[in-house]
Amino acid sequence: MPYNLIPQKPTISVGQKWGKKMAVAGKKLTIKELQALTELDHGRSIREDGGLCGKVRAGKLGITVLFRYEYKLGGTKKDHRLGSWPKKSLAEIRAERDKVRATVIGGIDPGLAKKAAKIQRRNEVQKLLANEEAELQAKLTLNDLFNLWIDEGVFRSDGNKELRRAYSMNIAPSLGHIELRRLTESQIRSALKPVISAGRIRKAQVMLLNIKQMLTWAEKRKPWRGLLADGNPAALITEDSITPPTHQDQRERTLSPFELRELQDIFTSMSLTHESAAPGTKHLQRKPFQLASQLAIWISLATICRIGELLMAKWEHVDLQQNTWFIPKDNVKGRRGKKQDHLVYLSPFAANKFTALKLLTGTSAWCFPARNALATTGHVFVNSVAKQIGDRQVRFMQRAPIKNRCHDNSLVLSNGANGNWTPHDMRRTGATMMQSLGVPLEVIDRCQNHVLNGSKVRRHYLHYDYAKEKMHAWQALGLELERILFS
């Protein structure tokens with residue numbers, strides 16, 4: 001028989017010898033025995049008492065023994081991984097085995113116990129994160145709410161510019177830093193009190209209205225509604241409760257023909273005094289009322305429009321050939337869905353004022369461009385004319401002088417006997433004059449672009465625009481103004 005065909009006795013390493021012996025005798029493993037393993041022991045199983053079983057693996061990084069715990073549960077043989085040596089020490093592996101064995105003795109599947117422990121750890125982490133999130137939410141302030149509300153909860157025609165300005169000036173300084181959950185009725189009243197004391201009742205009412213609108217929005221959304229669990233503090237405050245008994249909430253002020261002539265004379269006198277001042281002394285003279293603002297007052301009177309609609313006007317909407325002024329509904333005051341476009345037929349009086357204005361601002365896209373602004377960047381602030389008029393009737397206001405603003409009584413009419421006047425009073429004055437001229441009330445309402453009440457069926461079918469009647473009404477008002485001011 002050839003030599004290479006003679007059966008050879010396989011070579012068995014020292015580790016293989018004691019590995020076989022341990023498998024039979026179940027002797028307890030030692031560190032020295034594990035360290036004695038070689039590549040020839042690859043694939044061998046080694047055991048010791050207590051269900052500890054290992055599988056030898058020889059790889060690029062050396063010898064590794066993968067240990068598991070073998071057990072029976074419910075009549076079924078199972079095993080549970082314990083880790084590998086030498087990554088884990090033998091003592092750590094046995095400790096893990098003992099822990100798992102205790103679980104098995106208790107009738108619990110170690111795999112399920114491990115899964116349950118993992119779920120428990122995850123739940124603990126989620127609970128910890130939830131607690132942290134709850135703590136952060138509990139510290140949310142009125143400023144935090146406003147920043148979200150102004151972006152997602154309210155949409156004013158001016159892009160919320162006025163709302164941002166009013167909040168930053170009137171509400172944020174006193175209430176903005178307060179945590180929403182700690183906001184109280186008393187704190188809101190305290191924020192309104194200085195404004196009311198200064199006689200700015202309408203301003204205080206608007207502040208309260210804006211706060212109410214914001215908190216009502218918050219009550220319907222997380223996490224804000226949780227912070228208002230004790231209720232909306234602004235809902236406890238009514239307009240009547242912040243309005244002094246002597247305050248007349250609904251203004252009824254109109255300007256008499258005498259006051260209209262007086263106002264025109266004041267404007268003329270201011271301009272003449274300033275122009276006739278000696279060279280180098282003009283800066284010492286009282287500045288005349290801005291010409292553009294003068295024209296805005298007369299146009300508002302002649303068209304009975306809202307001053308804000310006029311100050312947002314663009315020249316593309318003014319046709320001095322056809323003597324019309326189109327007011328898009330985006331510029332109209334009112335609720336979303338309740339606003340409508342408006343076409344004003346200009347009387348010669350109103351058209352002349354627009355023509356004079358064109359000479360001042362015609363190079364801009366806006367009829368009343370913002371100061372120091374480029375041609376297409378925007379219009380003046382919608383309250384600018386009202387502020388200019390108020391600054392010249394300070395006897396009716398309880399406030400100290402404001403830097404870079406007038407502080408006199410140069411526009412007080414009738415020596416103050418009839419109180420102060422505002423740009424909106426011009427709208428009321430013009431409408432009252434129309435009424436005195438015999439213009440029907442329904443035509444006056446349409447000249448003022450009021451959304452008239454009535455059934456949906458009527459609004460759906462009746463679309464006559466009263467263009468002829470409105471044109472005659474504006475023409476009659478213009479003629480009356482010319483008679484009062486120029487005769």
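Ser84 is found in strand β4 of this predicted model. At 15% relative accessibility, Ser84 counts as buried, because the cut-off for that word is under 20%. Once its neighbours within four places in sequence are set aside, Ser84 is in contact with Thr64, Val65, Leu66 and Ile93. The strand that holds Ser84 belongs to a sheet, and that sheet is a good place to begin looking around.

The sheet is open and has four strands in the order β1-β2-β3-β4, paired antiparallel. The edges are taken by β1 (45-48) and β4 (76-85); each has a single partner strand, so one side of each is left without a neighbour in the sheet. On average, neighbouring strands here are turned by 30 degrees against each other, with direction ignored. It may help to recall how such an arrangement is held: strands of a sheet pair through backbone hydrogen bonds, either parallel or antiparallel.

Following the chain into this sheet, β2 meets β3 along eight bridges, and the two run antiparallel. Within that pair, Ala58 stands opposite Ile63 in β3. A hairpin makes the link from β2 to β3 and passes through two residues. The pairing then continues with β3 (residues 62-73) and β4, which are joined in the antiparallel sense over nine bridges. Two positions can be picked out on the screen to follow this pairing: Val65 stands opposite Trp85 in β4, and Tyr69 has His80 of β4 as its bridge partner. Val65 also appears among the contacts of Ser84. Strands β3 and β4 form a hairpin too, with two residues between them, and Gly74 in the turn has a positive phi of about 65 degrees.

A helix accompanies these strands. Helix α3 (residues 90-105) lies across β1, β2 (52-59), β3 and β4, and runs at about 15 degrees to β3.

A second sheet can be found further along the chain. This open sheet has three strands in the order β5-β6-β7, again with antiparallel pairing. At its edges stand β5 (318-319) and β7 (342-345), each with a single partner strand, so one side of each is left without a neighbour in the sheet. Strands β5 and β6 pair in the antiparallel sense over two bridges, and Asp319 stands opposite Thr324 in β6.

Strand β6 also leads to the next feature, an enclosed space inside the model. Rolling a probe the size of a water molecule over the atoms shows where empty space is left. Here the count comes to one cavity of 30 Å³ or more, and the largest cavity holds about 30 Å³ of space. Its lining is made up of Glu309, Met312, Ala313, Lys314, His317, Trp325, Phe326, Ile327, Pro328 and Asn331. Strand β6 (residues 324-327) gives the largest share of this lining, three residues. Sorted by character, the lining residues divide into six nonpolar, two polar and two charged.

Some single residues outside the sheets round off the tour. Ser293 is found in helix α12 (residues 291-303). With a relative accessible area of 3%, Ser293 is buried, because it falls under the 20% cut-off. Leaving aside its neighbours within four places in sequence, Ser293 is in contact with Val385 and Gln388.

Ala166 has its place in helix α6 (residues 161-176). Its relative accessible area is 14%, so Ala166 is buried as well. Ala166 and Lys203 are 37 residues apart in sequence, while their C-alpha atoms are 9.4 Å apart in space.

Asn383, finally, lies in the loop between α14 (348-361) and α15 (384-390). Is this loop residue buried, partly exposed or exposed? Asn383 is partly exposed, because its relative accessible area of 31% falls between the 20% and 50% cut-offs. Along the sequence, Asn383 and Ile307 are 76 residues apart, yet from C-alpha to C-alpha they are 8.3 Å apart in space.

Terms used
Residues numbered from 1 in each chain as written. Predicted model: local features only at pLDDT ≥ 70, side-chain atom pairs only at ≥ 80, totals over all residues. Heavy atoms only, no water. 1 Å grid on protein atoms, 1.4 Å probe; cavity = no way out; pocket = protein on both sides within 12 Å on 5 of 7 lines; lining within 4 Å. Points joined across faces, edges and corners; volume = space filled by probe spheres on them. Nonpolar A, V, L, I, M, F, W, Y, C, P; charged D, E, K, R; others polar. Pairing = 2+ DSSP bridges. Axes fitted to C-alpha atoms, helices over the stretch in contact; angles between N-to-C directions. Contact = heavy atoms within 4.5 Å. Buried < 20%, exposed > 50% of the residue type's maximum accessible area, 1.4 Å probe, protein only.
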